[in-house]
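Me: I have a model open and would like the reasoning behind its labels. Please set each value against its cut-off.

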Amino acid sequence: MKNLRLKAARAAMDLSQEKLAQMVGVSRQTINLIEKGDYNPSIRLCVAICKALSKTLDELFWEADE
Amino acid sequence: MEQNSLWMILIFAVLFILIAVILYFQRRKQGKFDERQELMQGKASRYALYTFCGAYIVYILLRAIKGEKFLPYSMLAFTISVFLGIVVFAVYNIFHDSYFTEKQRPASYLIMSAAMILSQSANCVKIFRGEITLEKEPGSIYWCSLICAITFAIVFAATLIRIILSKKEQE
């Protein structure tokens with residue numbers, strides 16, 4: 001499942017995938033795959049991304065039941 | 001003669017340790033792989049092992065079925081199986097972006113691969129001229145050079161394709 005909230009949060013801060021990847025210490029492709037929903041990051045990486053984007057884990061990664 | 005051999009072994013051992021230390025410190029500068037890349041490398045290692053085992057088992061089965069005179073080049077078959085495994089490992093990682101760290105430049109790897117292909121191809125001239133054939137010299141070191149050149153050519157092509165695809169993705 002695509003993570004559109006992550007993509008939106010990144011875009012809101014005017015960050016490229018490459019820039020965000022550098023901030024959290026992963027490759028650009030890893031960020032790309034997280035946004036596409038093709039990779040499940042570890043909690044550590046989730047927290048690092050949240051800190052970089054000034055968001056909470058719920059806001060970026062919680063999957064609400066529909 | 002024995003003393004000379006011992007000195008040679010000692011010199012090679014020291015050289016090997018020196019090169020290993022240099023590569024270790026150089027590697028530290030090139031950055032680390034992230035968690036996803038390490039996972040992909042684990043998968044690639046598994047597939048490479050399956051490929052190596054599968055290829056050699058196929059060879060052994062063919063020899064068992066067809067008889068001992070069928071392709072009596074077991075060392076060559078073993079070498080080919082090893083390089084097939086290496087190709088699977090490298091190509092899988094290249095296409096899953098887990099072969100290079102963020103600090104490494106794929107372009108410099110292309111140059112290195114091209115140099116390796118050229119150097120190994122120079123060794124294969126005798127094969128291309130027909131001076132060395134499987135029937136006459138199945139254990140010749142020149143076959144290793146040919147297999148090495150083909151391996152690097154495949155990895156070169158995979159790296160080039162991945163660079164082109166990555167640029168299109170970024171656009």
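Reply: Start with Gln104(B) in this predicted model. Leaving aside residues up to four places away in sequence, Gln104(B) touches Arg27(B), Gln30(B) and Tyr99(B). Gln104(B) sits in the loop between α3 (74-95) and α4 (106-123) of chain B.

Me: Why is Gln104(B) called buried?

Reply: The relative accessible area of Gln104(B) is 18%. Buried means under 20%, so Gln104(B) counts as buried.

Me: What makes the pair Gln104(B) and Thr101(B) fit the distance limit of a polar contact?

Reply: A polar atom of the Gln104(B) side chain lies 2.9 Å from the backbone nitrogen of Thr101(B). The limit is a pair of N or O atoms within 3.5 Å, so 2.9 Å meets the distance part of the rule.

Me: Why is Asp14(A) called exposed?

Reply: Asp14(A) has a relative accessible area of 71%. The label exposed needs a value over 50%, so Asp14(A) earns it. Asp14(A) lies in the loop between α1 (4-12) and α2 (17-24) of chain A.

Me: What is the phi of Asp14(A), and why remark on its sign?

Reply: The phi of Asp14(A) is positive, about 55°, although the residue is not a glycine. The sign is remarked on because most residues other than glycine have a negative phi.

Me: Where is Ser54(A) found, and how do you know whether Ser54(A) is buried or exposed?

Reply: Ser54(A) is in the loop between α4 (43-53) and α5 (57-61) of chain A. Its relative accessibility is 61%, and exposed begins over 50%, so Ser54(A) is exposed. Ser54(A) also has a positive phi of about 55° without being a glycine.

Me: What makes α3(A) mostly covered?

Reply: Eight of the nine residues of α3(A) are buried. Those buried residues are Arg28(A), Gln29(A), Thr30(A), Ile31(A), Asn32(A), Leu33(A), Ile34(A) and Glu35(A). After α3(A) comes Gly37(A), with a positive phi near 85°.

Me: How many residues are in contact between chain A and chain B, and how much area is buried there?

Reply: 13 residues of chain A are in contact with 10 residues of chain B. The area buried between the two chains is about 930 Å², with carbon and sulfur atoms giving 43% of it. Helix α3 (residues 28-36) supplies the largest share of the side of chain A that touches chain B, five residues. That side of chain A divides into five nonpolar, six polar and two charged residues.

Me: How many salt bridges and polar contacts does the rule find across this interface?

Reply: The rule finds zero salt bridges between chain A and chain B. For polar contacts, it finds six residue pairs across the interface, both residues at pLDDT 80 or more.

Me: How do you know whether the radius of gyration of chain A agrees with that of a compact globule?

Reply: For 66 residues, a compact globule would have a radius of gyration near 11 Å, and chain A has 11 Å, so the value agrees. Along the principal axes, the C-alpha atoms of chain A fill a box of roughly 35 × 20 × 20 Å.

Me: What is the secondary structure of chain A, and how much of the chain is buried?

Reply: Chain A has five helices and zero strands, giving the pattern α-α-α-α-α along the sequence. Of its 66 residues, 42% count as buried. Among contacts in chain A between residues at least 6 apart in sequence, 51% join residues at least 24 apart.

Key. Residues are numbered from 1 along each chain as its sequence is written. Chains are lettered from A and ligands numbered from 1 in the order in which they are written. This is a predicted model: local features need pLDDT of at least 70, side-chain atom pairs count only at pLDDT 80 or more; totals for chains, interfaces and linings use all residues. Side-chain values use heavy atoms; hydrogens and water are left out. Contact means heavy atoms within 4.5 Å. Buried area is the accessible area (1.4 Å probe) that two parts lose on being put together, summed over both. A salt bridge is a side-chain nitrogen of Lys or Arg within 4 Å of a carboxyl oxygen of Asp or Glu. A polar contact is a pair of N or O atoms within 3.5 Å; within protein, one must be able to donate a hydrogen and the other to accept it, and residues adjacent in sequence count only if both atoms are side-chain atoms. Helices (H or I, at least four residues) and strands (E, at least two) are DSSP runs, numbered from the N terminus. Ala, Val, Leu, Ile, Met, Phe, Trp, Tyr, Cys and Pro count as nonpolar, Asp, Glu, Lys and Arg as charged, and the others, Gly among them, as polar. The radius of gyration is taken over C-alpha atoms; the globule rule is 2.2 Å times the number of residues to the power 0.38. Buried means under 20% relative accessible area, exposed over 50%, partly exposed in between (1.4 Å probe, protein chains only).
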